[in-house]
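Got your viewer open? Load the model and follow along, one selection at a time.

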Amino acid sequence: MSLSKLFLGKSAEKLPDGDFDSPPPDRSGWQHTLYVIQRDVLALFSVGWILFIIFCAVFAPIISPYPEQGQGRNNADDRLLEPSTTYLLGTDNLGRDMVSRLIYGTRPAIMASLIVVSAAVMIGTPLGAIAGYYGGWLDELIMRTTDLFLAFPSLLLAMAIVSLAGPSLINAVIALVVSWWPWYTRLVRSTTRSLREQYFVEAARSIGVSDAVIIRRHILPNTITPIIVQATIDIGTVILATTSLAFLGLGTQPPNADWGLMIEEGRQFLRQAWWYSMFPGIAIFLTVLAFNLVGDTLRDIFDPKQYR
Amino acid sequence: MSALLEVENLHIAFDTPRGTLQVVNDVSFSIAAGEIFGLVGESGCGKSVTCLSILRLIPKPGAITKGQIKFQGDDLLKKSNRAMRRIRGNDIAMIFQDPFTSLNPVFKVGQQLLNVLKQHTDLNKQAATARILDVLDSVGLPDIERVIKSYPHELSGGQQQRVMIAMALISEPRLIVADEPTTALDVTIQAQILHLLRELCDAHGISVLLITHDLGVVSEVCDRSAVLYAGKVVETAPTQVLLANPQHPYTQGLLAALPISSKRGTQLQAIEGTVPANPGSIKGCVFASRCPQVHERCYDAQPAHYAVNPEHQTACYLVEEGVSDA
Amino acid sequence: MQKLEYTIRRLFLSLVVLLGMTVVTFTLTRIVPSNPAALYLGARARPEQVEAANEELGLNDPIPQQYARYLGDLLQGDLGDSLATRRPVTTEISSRLAATGELLLVSLIIAVSIGIPLGVFSAQLHGKPADIFVRAFSIIGVSLPQFWLGLLLQLIFGLWLGLLPLASRVDSTLRFNSPIEDITGFFLIDSLVTGNWVAFQDVALHLILPAVTLAAYPIGLIARMTRATMLEVMQQNYIRTAQAYGLGQRLIVYRYALKNAIIPTLTVIGLTFAYSLTGAFYVEIIFNWPGLGLFTARSFLNLDFPAIMGITLFGASGYILINLLIDLLQAYIDPRVSLS
């Protein structure tokens, strides 16, 4: 506890001097979000990094110094070169420029995670809303099914599916969707359940509003914020998952560029070419970190009880 | 009798994302030793925040911006945190509105009371337990041995509130601040709790600051009362005088709105309009927009407190001009 | 009495889920593209041999009958034989359990003893300038790719600094110099109990990098969860009451608040343990740790289906068991849990 005294900011009851008769500045929800992000250094960097990654993914052929190597063309003469002015981050085992490979590696990461999270949300949300709203045997059925899926460690499930269907990025994505949707079902279900007990729902029902409309107009909009927070963080988590699968050879296949795959390829050269495994890992780390930080900040914003 | 508690020119503001909100705007009142003082007002008028401010427990982003709170002559707002901790639960004790959420759910009741005693006294375990049993008995709890070993959720609402009162009494305070202690309880239990408070205070000479929105509660046990509206005190008087001869249009409106049986068959009289959202920005009287007896002057500047008689004050120009309606 | 009922009911539910899982794994074994009999006999088997094996293995029987036999075998503890080693899968699993178990346990201890205090500390810094650093630290834990972290640590501490060993559970020379008696299979315990100090040191050194790698994500998760629940708990009315009665900050935070906050955190700990099961997979590969994870990796590579299915079932049931234990633990700690 005494350590924290080192970090003490101003004491809790500072007396602000100000003009208390002037009307308060009026900020809309959107503006408030931007206001908070702009004040938080970490969140700012995170959003910037994410935009950068997306930019790389979209414009990979244009901004890569050696685009064909990024896509997989060999360059056997320049194997395992240290970082230099020609190859800023060095080259890999097949002489390909690391910078280009990293840039092309943003593509499977971003694409896969966006697909997986959107699919999981689209499948899980209606299921969860139905389960939470209607309860009864429908709820039991849906929840036992999600329990079953959640009972398997997601990696195991993914590995089993991929080893049956054959290793590829697409199969890894499918496997991850299968593993991920139950989380959103659960999330939406618990939010729906607590919302259902609220008086405004009871009020709506008492004047004869149909169930479907209640779900659509009253319940779902209130589940959006936890979904958004969870989805943002999940994009990062899915990137971890896809690169992990690629590391095991169960995801992106060579010669395509994938950060996880590159780490695996570089493993045997750890002693003599540390950059091969290290830089892709840093890329994964920074990207996942960025999504986690943004998700955290969103969570802080959306929770009215917590003031920064 | 010298005043036990004197609140002078209290200002409390909240710093929200959308700007600064003035929640308490120049509130003053005083409580004498041994009296029960009622603070009446509707939701959002700032009464809860006022009583939290006495123990300096206002949560961020709120802060006391101006004023003095003198307890036995000492300004509490100038005290260090450590000094305040010695006062809290010891000289001044607080009772909260919802006893269920105000007690720690994972600790037994006896343990929670023991912790308070250990904090403020030197009693050994035996003496402490004896005292706990004593206090629990004095608040009218049956089956004390079982209560000590119970968790809060195992007790009824009335029992929980009695436990809270016991916790307040246990260190023999001079002042109890009760924030709507009966609002969450059944009507039958309400009366019991209020009378319990009255008895205990007469027996031990403790003062009570009783916060409520219910005029019935006030008339039942409060010696003197103040009416709060939008962060300002609009009228202060001995309770019976306040109820019989209200001078401020807001107080009059509150009383007229009470659905009493003698008015059965007539239309309910409500106060038109709503409480202003940002009272701090209003130049004139806070109640002007809803007052049935408003005139030009009321919009220009805030009225000061004018005395109807030495014991009865009102913040209304009507009194100053001597043209009140009552 | 209520608690007993609850326990029994949860046990029953878990068994039902377990049963459901056997259906899933059974279905997977029958969907497998290649004929299990052909796999078992090898690539050069003749069609008649395959047909004979089919009969023998009961692969021509109706599906429900096959499932019944499958279930029967399971209940007797028979998970089939590994195609790669020809030994029973149960033997393969049990011989490697201790290695993985020790790794998991040590990393769990590390994760909890760092994660919870970090979370509490971080909650108290909320709003103050240093909060940024502590938040970043715990978020870093959950953002690191585990397989990469292992490599990074190997690089720094093994190759560059030469401080810690790169792989395996023990030094290979240990078997000759001061071999460890096999009592529990947990090397740390075995060497400690027999006073084998040399071995103990060696085992501990070998455990550091893999356990730390494995603990990184749980530390982050536990710290963040503890922080979040602590912040929420500190907003509660009963904390306000404690403050209103002048109780000391230490008492409020470490007893009044923490005891409430720890309840949801327990769920997370259970989750992280389950997550560590899959994390151990990567860590064992990178550190060449002779445990269940490494065996699983090899099984997948060799398409050793009996082993794969056996491990899947085993892993999933372990997961269910852990969740059950966590649920029961919660019920016993939290007096409010409705046992209906």
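We'll visit chain B and then the contact between chains A and C.

A quick word on conventions: residues count from 1 along each chain as its sequence is written, while chains are lettered from A and ligands numbered from 1 in the order in which they are written. This is a predicted model, so to speak of local features we need pLDDT of at least 70, side-chain atom pairs count only at pLDDT 80 or more, and totals for chains, interfaces and linings use all residues.

Select chain B and colour by pLDDT (the predictor's confidence in each residue, from 0 to 100). The average is 87, with 98% of the residues at 70 or above. Zoom to strand β3 (residues 36-40) of chain B for the highest mean among its elements, 93, then to helix α13 (residues 317-321) of chain B for the lowest, 76.

Switch to cartoon: chain B shows 13 helices and twelve strands (DSSP runs, H or I of at least four residues for helices, E of at least two for strands, numbered from the N terminus). Its C-alpha trace spans about 65 × 50 × 45 Å along the principal axes. Buried residues (20 or more other C-beta atoms within 10 Å of their own, C-beta atoms being placed from the backbone) make up 46% of the 326.

Now select chains A and C. Their contact (C-beta atoms, placed from the backbone, within 7 Å) takes 40 residues from chain A and 42 residues from chain C. On the chain A side, α7 (136-151), α8 (154-165), α11 (211-247), α12 (259-267) and α13 (274-302) each supply at least two residues. Highlight α13(A): with eleven residues, this helix gives the most.

Methods: Two residues are in contact if their C-beta atoms, placed from the backbone, lie within 7 Å. A residue is buried if 20 or more other C-beta atoms lie within 10 Å of its own, exposed if 12 or fewer, and partly exposed in between; C-beta atoms are placed from the backbone.
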